[in-house]
Amino acid sequence: MQTDPCPSSIRGLSLLGVVVVLGLAGCGSDGRSTVEGTVTLNGRPIESGAVAFRPLDGKTATVGCFISAGRFRLQVPVGSMRVEITSMEKAGTAVTLAQGDPVEVELHSEAIPERYNAKSELVIDVKAGINRVAYALER
């Protein structure tokens, strides 16, 4: 089976860009609440990944942060949010030519099913105060 790393890698990098660029918007507390939680895939904590909160009404900023050891914590605007979770996994290796010499590179693909990221079905209604969530994802 040959794995095409581009679509998943691009999607992962896209969400990573949201986390890096818009994650700063989650640092303030004006109209925002803390969302903290855990993320597991098939019962195991996700080692690393990212989570993004996109407003359903489009009136506030999308915010995100990194997932580490299955945990995350950030400031999110109050309101209904679509939740997108991503995590890359090693999908194999390939040999490519770098300046004429063969070089082995790792291939990665999205570990999380689309129903939790690109086509996420996850929604949270962020309330004032601390919001605790546990996302138990299944393949």
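This note sets out numbered points on a predicted model, from its confidence to its core, selected residues and salt bridges.

1. Confidence. The mean pLDDT over the chain is 84, and 79% of the residues score at least 70. Two stretches call for separate mention. Residues 1–11 have a pLDDT below 50, and the model gives this stretch 15 contacts beyond near neighbours in sequence. Over residues 18–28 the pLDDT likewise stays under 50, with 21 contacts beyond four places in sequence. Placement of these two segments should be read with those scores in mind.

2. Nonpolar core. The largest nonpolar core has 24 residues, and the members that touch the most others are F53, F72, I85, I124, Y135 and L137. At least two core residues come from each of the strands β1 (32–41), β3 (48–55), β4 (63–68), β5 (71–77), β6 (79–86), β9 (122–126) and β10 (130–137).

3. Surroundings of F53. Beyond four places in sequence, the contacts of F53 include F72, I124 and Y135, which are themselves among the core members with the most contacts to other members. F53 also touches V35, A61, T62, V63, L74, V76, M81, R82 and V83. The list thus includes the polar residue T62 and the charged residue R82.

4. S33. This serine belongs to strand β1 and is buried, because its relative accessibility is 4% and the cut-off for burial is under 20%. What does its side chain reach? A polar atom of the S33 side chain lies 2.8 Å from the backbone oxygen of K127, and the side chain also reaches the backbone nitrogen of G129 at 3.3 Å. Both K127 and G129 recur in the wider contact list of S33, which further comprises L74, Q75, V76, V78, V126, A128 and N131 once neighbours within four places in sequence are set aside.

5. G49. Located in strand β3, G49 counts as buried at 15% relative accessibility. Its C-alpha atom is 4.2 Å from that of S87, although 38 residues separate the two along the chain. Apart from neighbours within four places in sequence, G49 contacts C65, F66, I67, T86 and S87.

6. Salt bridges overall. Side chains of opposite charge can pair when their charged atoms come close. In this model the count comes to 8 salt bridges. E36, R73 and R132 are linked in a network of such bridges.

7. E84 and R82. The closest N and O atoms of this salt bridge are 2.4 Å apart, a value that a reviewer may wish to note. E84 is buried, with a relative accessible area of 7%, whereas R82 counts as partly exposed at 24%. R82 is also one of the residues in contact with F53.

8. E106 and K90. These residues form a salt bridge with closest N and O atoms 3.8 Å apart. The pair links distant parts of the chain: E106 lies in strand β8 (residues 101–110) and K90 in strand β7 (residues 88–98), 16 residues apart. Are the two partners buried or exposed? E106 counts as partly exposed at 48% relative accessibility, while K90 counts as exposed at 52%.

9. K119 and E114. In this salt bridge the closest N and O atoms are 3.7 Å apart. K119 is exposed, with a relative accessible area of 57%, and E114 is partly exposed at 36%.

Methods
Residues are numbered from 1 along each chain as its sequence is written. This is a predicted model: local features need pLDDT of at least 70, side-chain atom pairs count only at pLDDT 80 or more; totals for chains, interfaces and linings use all residues. Side-chain values use heavy atoms; hydrogens and water are left out. A nonpolar core is a set of buried Ala, Val, Leu, Ile, Met, Phe, Trp, Tyr and Cys residues joined through side-chain atoms within 4.5 Å. Buried means under 20% relative accessible area, exposed over 50%, partly exposed in between (1.4 Å probe, protein chains only). Contact means heavy atoms within 4.5 Å. A polar contact is a pair of N or O atoms within 3.5 Å; within protein, one must be able to donate a hydrogen and the other to accept it, and residues adjacent in sequence count only if both atoms are side-chain atoms. pLDDT is the predictor's confidence in each residue, from 0 to 100. A salt bridge is a side-chain nitrogen of Lys or Arg within 4 Å of a carboxyl oxygen of Asp or Glu.
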